[in-house]
Amino acid sequence: MRKILTIAQKEFTSCFHSWLGVLMAAFFFLASGIFFVILVLGYSKISMNPQQYGLSNFSGLNQTQYIFGSFFSNLSIMLLFLVPTLTMRSFAEEKRQETLELLFTYPLSDFEIVAGKQLGISLLFGALLLPFSGYLAVFHWIGGEFDWGPVWLGFFGFCLLGISYLAAGVFISSLTKSPVVSALGTFGVLLLFWIFDWVDNVATGSWVRVFSELSPLAHYKNFTLGILDAQDMVFFFFFFLYFLFLTLRSIETRNWKS
Amino acid sequence: MDVSNPPSSIKFDNISKEYGGFRALRDVSFDVKEGEIVGFLGPNGAGKTTAMRILSGFFPPTSGRVLICGIDMSQHPHKAKRAIGYLPEMVSLYPDMKVIEYLRFVARLKGVPAHELQGHVRNKMSFCGLLNSGHRLIGRLSKGYRQRVGLAQALVADPPVLVLDEPTTGLDPTQIKEIRELIRALGQNRAVILSTHILPEVAMLCSRVIMINQGQILASGTLPELASCLKDREAIHIRIKDRRDQDRALRILTSIPGIEALRVAGEAGGETFISFETSPGQDLRPRIMKLFVEQGISLAEIQRLQLSLEDIFLGFLKNGKSERRFP
């Protein structure tokens, strides 16, 4: 466990050694802040004159649902850009600089290496979410009323989605020697998952269900609506394990690949 | 195993390694004992790095067993890997870490207990002359200093076995000398295996040599052993002061039994060079000198050529597969 933590700590701090990490964090704060402000302003605009927006009475519009529900579902699009930059260095950079070779000769199992990296990046992702508590404070300060359950659930769902995406990103990073290829590949795969979510809008048939069941965003949607379903949690659990497993297989290829 | 012999620090037992269809190593076996510095020698692409990587636990062999201090690498990889310090060919370290930060990271991964960590890392840094560079970024260090950091990370956790893959490539002569001195000091109470294609380095550092080509061991033994194995002929060079004496000298030499391949190797500045071969058992030099003096030929130089490591190595490469072993 100490070894996993050591690798996680290294992974966590190495992000702050480069400007890219700092820039990415700043960009993420800025964009999520803008989302939040737009939603709060939008809500207050509707609250002035609900009839104009086709709402018979204003009380039907739930503050928490309107602001935080939409906030979290918009943030899932941000992950498309955030996740590739967080994971691109994990294995690709180590392969490029050939530092991975030494890591494999230390008394560590492959699992400890992968788990350590995954943990470090997940913690980094968690650290990026910390300022969200500031949004809650702002919301409270301007007189908003909370429904704590859906807010926490949205937050929890966002963490699950993010960590699952990170697992996919780490796997793609383990396939290549170039961080840029890793970032582009991860972006492509996440885009594909996003498209899975649209399939049932544009097509009909029983096969459509396969895509919507496999779509992480469809499962995430329930969290933003304040619905906690064991199915969704199981989905993310297996999604994460699946990519963890693929990553382990991928770094094992050194045994037979020249 | 013989009781009087200490167990080998490194034992390579019939190791083969295949990637795809390519056989990088075929049935390689050798062992290295404590206190030995063994040179692992071969042309580029001979399988040196593959052997080093198997030895360091980077990947397992396709068949065969690696024992480190009696521990089977495939059965107890953690224990075996802890007994090894590995300096890879391209010393690639995290450029964005500080030296001390990196060495602490390595010490934690190698399982150095937390309360010893500080002193342990300091100790290795002082051994490798890094005490003043602890807070510098690895990426900003010169190649020689990076090599020292590489050596320091190999020494962390005091492994009884050191595997050094081309430790002096790309260094300047002063740095090479320093690194060699460190290696020599380390070899006294450890088993060191040193892969290189720089032959003089082997002659300087190693007590024993293993030569490898195309994934197979060509020869192994001490340098004199290997030399004697090849030396079925010995070359002698003679330099004569006066060119006019050349014909007389040649006549004398042809009259001596046991001299073959007699020829004039060259002429320069009025001097003549003559070379010939003899069998290694008989030293003809005193007899030749005596005859020349009697005839009044002024002899400037008479030299018996020692086979250098280059000659030995090329000789084995030319002779091909036949594996020679020495007890």
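Two strands are said to pair if DSSP finds at least two bridges between them. In this predicted model, that criterion is met on either count given below for strand β7 of chain B, residues 161-165, whose partners are strand β6 (residues 84-87) and strand β8 (residues 191-196) of the same chain.

| Strand paired with β7(B) | Sense | Bridges | Bridge partners |
|---|---|---|---|
| β6(B) | parallel | four | B:G85 and B:L162 |
| β8(B) | parallel | five | B:A191 and B:V161 |

Together with helix α6 of chain B, residues 173-186, β7(B) and β8(B) make a right-handed β-α-β unit.

In a regular strand the side chains alternate between the two faces of the sheet. In β7(B) both faces are covered, with B:V161, B:V163 and B:D165 buried on one side and B:L162 and B:L164 buried on the other. Because five of the five residues of β7(B) are buried, the strand is largely enclosed by the rest of the structure.

Turning to the contact between the chains, 28 residues come from chain A and 34 residues from chain B, and the two chains bury about 2,800 Å² between them, of which 59% lies on carbon and sulfur atoms. Two salt bridges are counted between chain A and chain B; one of them links A:R89 to B:D96, with the closest N and O atoms 3.3 Å apart. There are also 11 residue pairs in polar contact between the chains, both residues being at pLDDT 80 or more. On the side of chain A that touches chain B, the elements giving two or more residues are α1 (2-14) and α5 (100-105), and α1(A) gives the most, with seven residues.

Technical notes
Residues are numbered from 1 along each chain as its sequence is written. Chains are lettered from A and ligands numbered from 1 in the order in which they are written. This is a predicted model: local features need pLDDT of at least 70, side-chain atom pairs count only at pLDDT 80 or more; totals for chains, interfaces and linings use all residues. Side-chain values use heavy atoms; hydrogens and water are left out. Buried means under 20% relative accessible area, exposed over 50%, partly exposed in between (1.4 Å probe, protein chains only). A crossover is right-handed if, with the strands pointing away from the viewer, the path from the first strand over the helix to the second runs clockwise. Contact means heavy atoms within 4.5 Å. Buried area is the accessible area (1.4 Å probe) that two parts lose on being put together, summed over both. A salt bridge is a side-chain nitrogen of Lys or Arg within 4 Å of a carboxyl oxygen of Asp or Glu. A polar contact is a pair of N or O atoms within 3.5 Å; within protein, one must be able to donate a hydrogen and the other to accept it, and residues adjacent in sequence count only if both atoms are side-chain atoms.
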